Amino acid sequence: MWQTPLAMEKVSLYMVDEDAQQAAMTLARMAVMHPLEAQTNDRGLQDYPAAPYFSVYHELNSRFGKIAAYLKAPINQAVAATGIVTLDELQSLDEQLKELWARVSELEEQTRRQNEKMIITRQLSSSLQKFASLDLDLSRLRRRGRFLRIAVGTVPAVNFDQLKRALSLTNFMINRFYSSEGIDHVVVFGSSQQQEDMHDVLDSADFRGLNVPQEFSGSPSQLQADLNRQIEQEIKALNELKDKLTELLSSHMPVLQNAHDLLLQAGPYASLATVLRGKGGLVFLQGWVPAQRDQEIRKELERDLKFPFHVEFSAPEQKDFDVVPSLLKKSWLLKPFQALVRNFGIPSYREVDPSGLFALSYILMFGMMFGDIGHGAVIVLASLLLWKRFPGVTIVGVLAGFSSIFFGFVYGSLFGYEHVVPPLWMSPMHDPIKILLVAVLWGAGFILIANLLAIRNYIASGLPEQALFSGKGVAGLCFYLAAINASYQLFANNRFSWLEGLLLLLPMAVILQFQWRQASGGLMERVLVVLIEGLEHIISNVSGTLSFLRVAAFSLNHVALAAAVFAIAGMMDALGHGITVVLGNIFIIVLEGAIVAIQCLRLEYYEGFSRFFSGKGKAFEPLKIET
Amino acid sequence: MSEYSSEYLNTRLSIYASRLIGFEQLVKFIQYDLERIIAEVGELTGHYYQLDGTKLNPIESQLTNRAIDDFLILIRPFSGSERRFFYFAIRWFELANLKALIRGKFSGIESLKIEQELIDLGHFADLPVKKLLETDDPYEMLRLLETTPYAGIVRQARRMYEEHGNDLFLLDATIDRSFFIDLNQRTRFLQDEDAQYIRQVMGGLLDRFNLLWLLRYRFSYGLSAAKSFYLLTTTGNKLYSSELMRLAKMDDIEEVVAALPDPYRDLLANIRVIADMETVMEYHSLSIAADALHRKSNLLSRSFAYILLREAEVRFLQALIKGKQLEFDPELIKQAVGAPS
C-alpha cells in the first residue's frame with residue numbers, strides 16, 4: 001500500500017558512431033531506458049549525430065501518414081522490427097513516397113475540383129427548377145442581343161449586396177429570384193457594351209452561370225434533363241477518380257508495407273535525435289533505467305554491439321530527484337486506481353504512490369455512503385457486463401459493489417428495505433448523530449494518515465525543515481492532534497483549560513515562525529502573509545475534517561431516498577407499487593451511485609492528495625519500438 | 001456585465017492604456033541599439049522580454065504572446081456575443097501566420113524558412129502549423145486550410161490565386177478583406193449601442209483599407225471601376241458605398257484625393273505615393289482608436305481600441321527589432337515601420 005516508484009539509475013553509454021543505431025534498437029527492444037537530454041557540453045560532444053537521420057525519418061513518416069490515411073485495408077502490423085535501417089535506405093524510400101504522394105495529392109485535388117463542379121451543377125439544376133413552371137424559351141438567355149445581355153446563375157448570398165452595387169457601375173442590374181442555403185439564384189441583365197466588365201466582376205463574386213448549350217432551344221424541362229445527365233457524368237468522373245486512387249495505392253502496397261516496416265525499425269534511433277551527442281566518431285547517450293535491470297542491460301549491449309563501449313550506472317543525487325522519471329509497479333488490480341491518481345498527477349520519484357491507499361479508502365467510503373446489499377449486487381453485476389470493453393470500470397465497480405454489499409449487511413439494508421435483513425450494527429437512520437460522529441472520526445483518521453505521508457515525503461525528498469516545522473509536517477500534525485484533543489475536551493467534558501490552549505498554541509507558533517522564515521517582501525507584507533497562511537491552516541484543518549460529514553450525510557440520504565420511494569409506492573395499487581419500487585431503485589442506483597462515486601473522488605483529491613501528494617513527477621517513457 | 005466587472009475593466013483598461021508606448025517614443029527607439037530598446041520597453045510597459053530567447057520562443061513571439069495574454073485578461077469580464085467578438089478580433093494575429101504560410105508555400109520557400117516567419121501563439125492557435133508546414137505543394141496546403149476555421153478566407157484566397165496568379169499583395173488584401181467582412185458581421189450580434197461604438201473605432205481601419213486598395217486596384221493593377229469596388233470590404237466611417245463608387249470611376253489619384261471627404265482630403269493633400277498615404281491613414285485610424293480608448297464611455301469599444309493600439313505597437317516593435325537584428329540602416333527601418341523620415 002505504501003509503495004514508491006521503482007529505484008532508478010542514470011545510465012551513461014559511450015560508444016562509437018557505427019554502434020549507435022544498434023544500441024538504440026537494443027534499448028528500445030528492452031523498453032528500459034527513459035532518454036535524458038544532455039544538459040551540458042562539458043564533454044565537448046557538440047554534434048547531434050542522429051539529427052540528419054531524424055530529418056529524413058520525419059519527412060518519410062509524415063508522407064507515409066498522409067498516404068496511409070487513404071488506405072482502405074490496414075497495413076500488416078506483424079513485423080519483427082529488429083534490423084538496422086541505413087540513412088540511404090530511408091532517403092531512397094522517401095523519394096519513392098514523395099513521388100507517390102505527388103500523384104495521390106494530384107488525384108485529391110482533381111477530386112476536390114470535380115466535387116466543386118458537381119455542387120455548382122446541382123445549384124444550377126436547382127436554379128433551373130424555378131423556371132420549370134414558366135413557358136419560357138431559354139435559348140433567349142444564350143442569345144447575345146445587340147443591346148441587351150442576360151445571364152442566369154448563382155452567387156454566394158454574402159456577396160450579393162456588394163455585387164449589386166459593383167454591377168451598377170457597369171450599368172448592369174442583378175435580381176435575386178430565389179435564395180437557399182447561403183446561395184442566391186440571380187438573373188443579371190444590362191447593356192451589351194459593358195459586358196466584359198460585368199463578367200470580370202461576376203467572376204470575382206463567384207458567380208456560376210447557367211450554361212445554355214448552343215443547340216438548345218427548348219423549355220426548362222429539357223435543359224433540366226441535360227443538367228441531370230451532366231450530374232451523372234460528374235458522379236461517374238468522381239468514381240473514376242476514386243478508382244484511380246484505389247488502384248494507385250494497391251499497386252504501391254509493397255512499397256507502403258516496406259515503408260511501414262522500415263519506419264518502425266528506424267523509429268528508436270530517430271527519436272534520439274536531440275539526445276545523442278557526439279564528436280569525431282564517438283557518441284554519448286544518457287538516460288534513466290530501473291536499477292534492478294542494469295546488469296541485464298550491460299549483457300544485452302555486450303551481445304549486440306560490434307565495437308568496444310563503456311557503460312556506467314549511477315544512483316540519482318538529491319539534485320536530480322525532480323527530473324528522475326517515476327516508474328510505478330504494475331498491478332492489474334490497482335491499474336484503474338492508478339489511472340485516477342494520474343488525473344491528479346504523477347508521483348514524484350521519492351513520493352509515495354498513493355494508489356493503494358486511494359483504492360482502499362475509496363472503496364470503503366463508497367460502501368459507507370452507499371451501503372445496500374441489493375444495490376451493491378446490481379453494481380457488481382452491471383460492472384461484470386462491462387468487462388470486455390472497460391475492464392478498469394469493472395474492477396472499480398466490482399470492488400465498490402462488494403463494499404456496498406458489506407455495508408448493506410452492516411446497516412441491514414436490502415433495496416431500501418430496512419427490516420428484511422437484520423443489521424450487523426445499525427441502520428444510519430436509527431442514530432444519525434452516531435453516524436455523523438463516525439464520519440468525523442474517519443475524516444480525522446484520513447487526515448492524520450495524509451499528514452504522516454506528507455512528513456514521510458518531505459524526509460524522502462531531503463526537506464527535513466518542512467518535515468518538522470511546516471503546517472504539513474510534524475508541527476502541523478501536533479497542531480491537528482491538539483485540535484482533536486481540545487474538541488474532545490470541549491464537547492465530551494465541557495472543558496477547555498490552559499493546557500489545551502498551550503497544546504494548540506505551541507505547534508501553531510512553530511508553524512508561523514517557519515512561515516515567517518519562508519516569506520519574502522516587506523515587514524507588513526510578511527506579517528500579512530504569515531497571518532493569513534496561519535489562519536488558512538486552521539480553517540483548512542477544520543473544514544477538511546468536517547468535509548467528511550458527507551460520508552454520513554450520503555448514508556442517511558440513501559435511506560431517505562429509499563423511504564421517499566416507498567412512500568410514493570405506498571400510494572399505489574399492487575402493480576403500481578412494484579413498478580415504483582423497481583424504478584425508484586434504478587433511480588437511486590444510477591443517480592445517487594454516480595453522485596457518491598464523484599463525492600468520494602472529491603474527498604480523495606481535495607482532502608487527501610492536496611495534503612501530501614505533489615503529483616509533479618515525470619512519467620517513465622522508455623525508448624521503445626512503436627507498434 | 002455587473003457593476004464590479006465594469007469597475008474592474010475600467011481600472012484594467014486605465015492601467016493597460018498607461019503602459020502603451022507613444023508613437024513619438026517608438027520612433028525614438030529607431031536610434032537606439034537593441035539592448036536599450038528592450039530595456040526601455042521593459043521600463044515603459046513593465047514587460048521584460050528576453051532578447052536571447054530560444055529558437056522556440058524568439059522575441060517576436062514573446063511580444064505577441066504577452067499581448068494576447070493581456071487581451072485575454074482584458075476580455076475575461078465579457079461574455080456571450082461580446083466575448084465571441086473579441087476572440088474573433090484577436091485572430092488577427094493568427095492571420096499574420098496564415099498569410100506567411102500561404103505566401104511561403106506559393107513562392108516555393110522552404111518550410112524551415114516559413115517556420116521562422118511564424119509567431120508561436122501557443123494554446124490560442126487554431127492553425128495546424130506543423131501539418132501545414134509538412135505539405136508538399138500549395139494546393140495540398142489549401143485543402144488542409146479548408147478544414148480550419150479559416151476555410152472561408154482561404155477559399156477567397158484560392159480564387160484570387162487562380163485568377164491573378166502569385167501576387168502576394170493581392171493575396172494579403174483578399175485575406176484582410178474577408179477578415180474585416182467577418183468581423184463586421186460579428187458586430188451585428190452586439191447590442192446596438194455597443195455595435196455603434198465599435199463601428200466608430202473600426203471605421204478608421206476600414207476607410208484606410210478601402211481607400212488604399214481602391215487606389216491600388218484602379219491605378220496599380222488597372223482593374224475596372226466595378227471590379228475595384230467589388231473587391232473592397234465593409235464600409236467605414238466616412239467612405240460610404242456611394243462615396244467609394246464615385247471614387248472608383250475617377251481616372252487618376254489626384255482626382256480621387258481631391259474628391260475625398262474631410263478629413264481625408266486634408267490629410268492626403270499633396271501626397272501622391274500610395275505607401276505614404278498608407279502611413280498617414282494608419283496613424284489617423286490609430287488616433288481614432290486612441291481617442292476612443294481615453295474617452296470614458298463604452299467599455300467594449302475602449303477594449304477594442306486598446307487591442308488595435310497594442311497590435312500596432314507589437315507590429316512596430318517586431319519590425320524594428322527585425323531591422324536591428326539584420327543591422328539595417330535607421331533610415332531603412334524608418335521606412336519599414338512607417339515612421340516619418
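The paragraphs below lead through a predicted model, taking in turn a sheet, a pair of strands, a pair of helices and the contact between two chains.

A convenient place to begin is the open sheet of chain A, in which four strands follow one another in the order β4-β5-β3-β6 with antiparallel pairing. Its edges are formed by β4(A), residues 172-180, and β6(A), residues 208-209, each of which pairs on one side only. The link between β6(A) and strand β3(A), residues 148-156, consists of two bridges in the antiparallel sense, and within this pairing G153(A) stands opposite G209(A) of β6(A). Helix α3(A), which spans residues 87-129, packs on this sheet and touches β3(A), β5(A) (183-191) and β6(A), while its direction makes about 120° with that of β3(A).

Another pairing in chain A brings together strand β1(A), residues 8-16, and β9(A), which run antiparallel and are joined by five bridges. One point at which the reader can locate this register is L13(A), whose bridge partner in β9(A) is V311(A). Is strand β9(A) well covered or hardly covered? Strand β9(A), residues 310-314, is hardly covered, since none of its five residues is counted as buried.

Further along chain A, helix α14(A) (residues 432-460) and helix α16(A) (residues 474-492) have axes that come within 9 Å and cross at roughly 165°. Because angles over 145 degrees count as roughly antiparallel, α14(A) and α16(A) are described as roughly antiparallel to each other. Their crossing is left-handed. On the side of α14(A) the contact is made by A444(A), I447(A), L448(A), N451(A) and I455(A), and these meet V474(A), G476(A), L477(A), Y480(A) and I484(A) of α16(A). Sorted by class, the residues of this contact comprise eight nonpolar and two polar ones, with no charged residue.

The last part of the tour is the contact between chain A and chain B, to which chain A contributes 21 residues and chain B contributes 19 residues. On the side of chain A, helices α3(A), α5(A) (160-168) and α6(A) (195-204) each supply at least two residues, and α3(A) gives the most, with six residues. Helix α3(A) therefore appears twice in this account, as the helix that packs on the sheet and as a contributor to the side of chain A that touches chain B. By class, that side of chain A holds eight nonpolar, five polar and eight charged residues, whereas the contact of α14(A) with α16(A) has no charged residues.

Definitions and conventions. Residues numbered from 1 in each chain as written. Chains lettered and ligands numbered in written order. Predicted model: local features only at pLDDT ≥ 70, side-chain atom pairs only at ≥ 80, totals over all residues. Axes fitted to C-alpha atoms, helices over the stretch in contact; angles between N-to-C directions. Parallel < 35°, antiparallel > 145°, perpendicular 65-115°, else oblique. Left-handed = near helix turned anticlockwise from the far one by under 90°. Contact = placed C-beta atoms within 7 Å. Nonpolar A, V, L, I, M, F, W, Y, C, P; charged D, E, K, R; others polar. Pairing = 2+ DSSP bridges. Buried ≥ 20, exposed ≤ 12 C-beta atoms within 10 Å, placed from the backbone.
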